[in-house]
Amino acid sequence: MKNLLTLLIVFSSFIAAEEYKYEPVANKAEYYSGQFNKGKDMDDLLSWGEKFVEWMEDKSAWDPMETVVFSPYFSDDMQRADYVWLNLWPSAGEQYAAIDQWLKEGGSMLRTLPVTNQRVVDVWQWPISSPDGEIGDFGFVRFTECTLKEGITMRKAFDTYKDFAKKAKSTGDNMGRKMIMAPTGAGEYDYDYVYSLYANTPADFGKNVDNFGENLRGTPEVEALGDIAVCDNGRSYSTVRIKAAN
């Protein structure tokens, strides 16, 4: 009886240790990047995007999708890609239903694409926070590659980011944040996830960076971030939204 009681206590402690504060609500995303075709530029890609939206108008499978195009701004290699095209989906089922239709009916649109995709990556995303207010003509986003520290799980990292986001919002922060993971199409990589930090406008992004230094640096929530992962290789992009989800 004593041994059974000991086992129950140990098991209960293990279960308690595995409990988490927050439940991620995952979504899917496709990231396309590459080079402009000869004689083409970002204006041509955005014009193609407008035609793509028109092509989708009578195709309900595409209603849940949101599309954003990125232009490199701060990077260690500005020649890596001329653009990044992002399609966001609420679920894999909705994403692949649209892919099914694209493979059957999208050939004419694909042939007019003014770019050559050199890297196409399919990922899962865990949203942490979203900015309030209207999206401007241009948004701004920063990505960093993160490696979890020993003994830290992805769920523990998510909890820590959520606690930090709540603290940040209480000081006036208005940033969006995501954990991006489990890529298909990324080739070999030596990190656990990509951390995305974004704002509705570049001005908002800068304002919130200042807010971090003035009101958040040194708080327990920020110190906790340093205990979960090492993040580096930061790069930033300006963004334009092509399509909102219906």
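**Exercise 1. Which residue in β3 is the bridge partner of Y31?**

Before starting, some ground rules: this is a predicted model, where local features need pLDDT of at least 70, side-chain atom pairs count only at pLDDT 80 or more, and totals for chains, interfaces and linings use all residues. Residues are numbered from 1 along each chain as its sequence is written, and side-chain values use heavy atoms, with hydrogens and water left out.

Step 1. Get the elements: helices (H or I, at least four residues) and strands (E, at least two) are DSSP runs, numbered from the N terminus.

Step 2. Look at the pairing of strand β1 (residues 27-36) with strand β3 (residues 83-89), which is antiparallel and has seven bridges. Two strands count as paired if DSSP finds at least two bridges between them.

Step 3. Read off the partner: Y31 is bridged to L86 in β3.

**Exercise 2. Trace the sheet and find the helices that pack on it.**

Step 1. Follow the strands in the order β1-β3-β2-β8-β5-β7-β6-β4, and you get a closed barrel of eight strands with antiparallel pairing. From one strand to the next, the twist averages 35°.

Step 2. Now add helix α3 (residues 92-105), which packs on the sheet and touches β1, β3 and β4 (115-129). Its direction makes about 45° with that of β1. Contact here means heavy atoms within 4.5 Å. Axes are lines fitted to C-alpha atoms, for helices over the stretch in contact, and angles run from 0 to 180 degrees between N-to-C directions.

Step 3. Do likewise for helix α5 (residues 154-170): this one touches β4, β5, β6 (176-184), β7 (193-199) and β8, with its direction at about 70° to that of β4.

**Exercise 3. Describe how α5 and α6 pack.**

Step 1. Recall that two packed helices are described by the angle between their axes and the distance between the axes.

Step 2. For α5 and helix α6 (residues 202-216), those values are about 90° and 10 Å. So α5 is roughly perpendicular to α6 (under 35 degrees is roughly parallel, over 145 roughly antiparallel, 65 to 115 roughly perpendicular, and the rest oblique).

Step 3. List the contacts: F164, K167 and A168 on the α5 side meet N211, F212 and L216 on the α6 side.

**Exercise 4. Find the disulfide and say what it connects.**

Step 1. Search for cysteine sulfur atoms within 2.5 Å of each other, the cut-off for a disulfide. The count is one: C146 to C231, with S to S at 2.0 Å.

Step 2. Check the handedness: the angle about the S-S bond is 115°, and the link of C146 and C231 is right-handed.

Step 3. C146 sits in strand β5 (residues 139-148) and C231 in strand β8 (residues 229-243), so the link ties together parts that are 85 residues apart in sequence.

Step 4. Buried means under 20% relative accessible area, exposed over 50%, and partly exposed in between (1.4 Å probe, protein chains only). C146 is buried at 0%, while C231 is partly exposed at 34%.

**Exercise 5. Pick out salt bridges that link distant parts of the chain.**

Step 1. Apply the rule: a side-chain nitrogen of Lys or Arg within 4 Å of a carboxyl oxygen of Asp or Glu. The whole structure gives ten salt bridges.

Step 2. One of them joins E23 and R155 (3.6 Å, N to O). E23 is in the loop between α1 (2-17) and β1, and R155 is in helix α5, so this pair ties together parts 132 residues apart in sequence. E23 is exposed, at 60%.

Step 3. Another joins K28 and D122, with the closest N and O atoms 3.1 Å apart. K28 is in strand β1 and D122 in strand β4, 94 residues apart, and both K28 and D122 are buried.
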